[in-house]
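Me: I'm new to this one and would like a close look at a single spot in it. Could you start there, then tell me about a few other places worth finding?

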Amino acid sequence: MFKMGSSPHTHGSNLTVKFMLWVMVAMVPALAVQCYFFGTGVLVQAAIALSLAAVLELVIAKLRHKPVTFYIADLSGILTALILAMSIPPYAPYWVVVIGILVAIVMAKHIYGGLGQNLFNPAMVAYALLLVSFPVQMTAWMVPISLLSEPPTFNDALHLIFRGVSSDGLSLHQLVESVDGITQATPLDSAKTSLAKLSLSEIQQSPIFFDGIFNGWAQGWWQLNLAFLLGGLFLIYKRIIHWQIPASMLAVFVLCSGLTDLFGNGSHLNVIAQFFSGAMMFGAFFIATDPVTASITPKGKLIFGGLIGLLVYCIRYYGNYPDAVAFSVLLANICVPLIDHYTQPRLYGMRK
């Protein structure tokens, strides 16, 4: 008797590990830009996150009596860890990223059954929990190191992350206090929280909004967003992700922000500055396009991306959080089953 195997009998070359590797390769330019402008702390955070994620994948595979090689070799946990490491402040305490990885891998991924069965983006679940639980640590971003008289070294990064002070005994606040009183949070946060007492033009005189090239654009942040944009376009070129989600997300956000610029009172950063600030490009190309938690139908991807863009606009302009990409992605993840149900393409020979 011949041995019978279930379909499919032929396999494509687009393995999960291949997709994950290409995404990580596309993130390398942004990682380099983040190191250049904000210091090497992100490398330490990435090392902690990737190491812990690999250990957790190994332990959980053992506990679930699953093949260890299969769970680690797909690199999904490693990619989640890298996304989270690049999302948190580079000099946040080490326990922040440790808690984040535990939440992302255990609670947001494996508690649902592992890759392919999780309802929400694991990295964004962890980021949202960290932001709500530890707002001080999650908003303590380093200013561009070019503005500092003594930029932190790699040794300083280790001391700041594991001990809370640099090798010279200075805290993160002491390192940046010589620059400006409002420059420790992100530029979006600075603009939102300072508008109550300062005009927008006065806020933009801060050193973080002036780099000699684009006055009013957040120094370091527009370069970082540009790197993510280039990486995202590379992924579209390689057909690792589809264009619908990032295109609709960015288009809806630009449309809403542009209308606010035209008819508003000028109390927000302009649409171009908003477009290249915060996690806009990171979210559009690397987070919202998660193949497990995003919509899978062509029309559904447009609706899903547009919904994220609308939510980012609403929360940024009218909510309490300055960026809102993580919350927008999670809220849109809830709607994915409904979106996919009503946007299924018509099968040939079948009525609508």
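Reply: Here is a walk that begins with one serine and moves outward from there.

First, some ground rules: this is a predicted model, where local features need pLDDT of at least 70, side-chain atom pairs count only at pLDDT 80 or more, and totals for chains, interfaces and linings use all residues. Residues are numbered from 1 along each chain as its sequence is written, and side-chain values use heavy atoms, with hydrogens and water left out.

Our spot is Ser-248, which sits in helix α13, residues 244-263 (helices are DSSP runs of H or I, at least four residues, numbered from the N terminus). Ser-248 counts as buried because its relative accessible area is 10% (buried means under 20%, exposed over 50%, partly exposed in between, with a 1.4 Å probe and protein chains only). Its side chain makes two polar contacts (pairs of N or O atoms within 3.5 Å, one able to donate a hydrogen and the other to accept it; residues adjacent in sequence count only if both atoms are side-chain atoms). One goes to the backbone oxygen of Gln-244 at 2.8 Å, and the other to the backbone oxygen of Leu-302 at 3.1 Å. If you skip neighbours within four places in sequence, Ser-248 touches Lys-301, Leu-302, Gly-305 and Gly-306 (contact means heavy atoms within 4.5 Å).

Now step back to the loop between α12 (221-237) and α13, where you'll find Arg-239. Its phi is near 60°, a positive value in a residue other than glycine. At 73% relative accessibility, Arg-239 is exposed.

Ala-324 also has a positive phi, about 80°, although it is not a glycine. This alanine lies in the loop between α16 (298-318) and α17 (325-342), but here the residue is buried, at 5% relative accessible area.

A glycine belongs on the tour too: Gly-164, just after α8, takes a positive phi of about 90°. Within α8 itself (residues 154-163), Asp-156, Ala-157, His-159, Leu-160 and Ile-161 are buried.

Last stop, the cysteines. Searching the whole structure turns up zero disulfides (a disulfide is a pair of cysteine sulfur atoms within 2.5 Å). For Cys-314, the nearest cysteine sulfur belongs to Cys-256 and is 6.8 Å away. Cys-314 is partly exposed, with a relative accessible area of 34%, while Cys-35 is buried at 16%.

Conventions: Helix = DSSP H or I, 4+ residues; strand = E, 2+ residues; numbered from the N terminus.
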